[in-house]
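Please report on this two-part model, element by element. Keep the sentences short and give the cut-offs.

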Amino acid sequence: MKRRNFIKNSMLFAGALTALPSVLFTKKSYAAWPKTSFDIKDLTDSVKSVYGHNNLEESSKIKLKAPSIAENGAIVPINVSTSLDNVDSIMIFVENNPQPLSSGYQLTQLAEPSIGTRLKMGKTSNVMAAVKSGDKVYTATQEVKVTIGGCGG
Amino acid sequence: MSTIKMRSKESNGVVTVKALIKHPMETGQRKNKKTGDIIPAHYIQEVHSKANGKDVITIHWGPAVSKNPYLTFKYKGNKGDDVEISWVDNQGNKDTKIGKVK
């Protein structure tokens with residue numbers, strides 16, 4: 001009887017072990033499009049929903065290239081690059097947009113931490129680039145003045 | 001016709017990829033001026049890129065990305081690499097393009 005119990009228990013244990021990694025991996029692998037984070041209307045809440053905290057640190061190692069005055073809010077070119085190591089992801093937040101989170105870039109080991117895109121901006125706002133390196137989140141912020149908004153119609 | 005225009009160039013072991021995607025990127029917040037009806041949201045949510053079959057970058061876009069979006073990124077690679085870019089939008093449409101690094 002003892003032996004039978006031992007086998008039974010060890011099998012249960014093995015089952016738990018095989019089940020565990022699959023849970024870990026689904027969390028680690030590329031997450032689905034984060035609808036909640038994109039829907040949030042407040043910058044602080046938005047940052048918290050992405051990283052789980054609001055401990056941001058300004059860093060001069062992030063280069064945020066954005067126009068100081070954008071004539072057309074429908075096309076605002078934004079470039080972010082950084083000399084920080086082990087960059088996990090780059091996120092771009094536009095504080096005064098209806099939803100501050102504009103886009104997120106998950107980098108693998110192959111990628112260099114340098115990305116560029118064009119965003120819509122409803123009105124003059126701070127643009128914040130957030131770079132996750134290791135467990136920390138570093139930011140760089142710049143104000144972009146918008147003369148014609150890009151969200152109306 | 002592919003919706004993706006892509007160019008990639010290597011210099012000192014780093015490949016710069018530039019891409020333009022043809023897409024309306026409707027936010028779902030605009031109204032049709034004549035009828036006053038809201039134009040339904042239609043935008044790219046995910047862009048994924050691979051080089052020689054290996055993942056390089058996964059991008060999540062919201063409606064705040066401009067119409068006909070432009071994208072640039074860099075990765076450690078070589079001349080002749082096959083770079084693949086694919087996108088999926090919120091209505092389930094998708095497209096993929098593969099190009100060679102110059």
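Which residue just after α3(A) takes a positive phi? Gly52(A) does, with a phi of about 85 degrees.

This is a predicted model; local features need pLDDT of at least 70, side-chain atom pairs count only at pLDDT 80 or more, and totals for chains, interfaces and linings use all residues. Residues are numbered from 1 along each chain as its sequence is written, chains are lettered from A and ligands numbered from 1 in the order in which they are written, and side-chain values use heavy atoms, with hydrogens and water left out.

**Confidence.** pLDDT is the predictor's confidence in each residue, from 0 to 100. Chain A has a mean pLDDT of 86, and 77% of its residues reach 70 or more. Residues 21-29 of chain A stay under 50. For that stretch the model has 0 contacts (heavy atoms within 4.5 Å) beyond four places in sequence. Where pLDDT is low, the predicted coordinates should not be read in detail.

**Helix α3 of chain A.** Helices (H or I, at least four residues) and strands (E, at least two) are DSSP runs, numbered from the N terminus. Helix α3 covers residues 43-51. Its buried residues (under 20% relative accessible area, 1.4 Å probe, protein chains only) are Leu43(A), Ser46(A), Val47(A) and Tyr51(A). Seen down the axis of α3(A), they fall within an arc of 110 degrees, so they line one face of the helix. The arc is that of the directions from the helix axis to the C-beta atoms. These buried residues pack against several elements of chain A, including α2 (35-39), β1 (56-58) and β5 (87-94). Asp42(A) caps the N-terminal end of α3(A). One of its side-chain oxygens lies 3.2 Å from the backbone nitrogen of Thr44(A).

**Lys63(A).** This residue sits in strand β2 (residues 62-65) of chain A. Lys63(A) is exposed (over 50%), with a relative accessible area of 57%. Leaving aside neighbours within four places in sequence, Lys63(A) contacts Asn79(A), Val80(A) and Ser81(A). From Val50(A), Lys63(A) is 13 residues away in sequence and 21 Å away in space, C-alpha to C-alpha.

**Chain B.** The table collects values for this chain.

| Item | Value |
|---|---|
| Elements of chain B | 0 helices, 7 strands |
| C-alpha box of chain B, along the principal axes | roughly 55 × 25 × 20 Å |
| Buried, of the 102 residues of chain B | 44% |
| Area exposed by chain B | about 5,500 Å² |

Carbon and sulfur atoms supply 48% of the area that chain B exposes. Of the contacts in chain B with a separation of 6 or more, 53% come from residues 24 or more positions apart.

Note on methods. A polar contact is a pair of N or O atoms within 3.5 Å; within protein, one must be able to donate a hydrogen and the other to accept it, and residues adjacent in sequence count only if both atoms are side-chain atoms. Accessible areas come from the Shrake-Rupley method with a 1.4 Å probe; for residues, only the protein chains shown count as cover.
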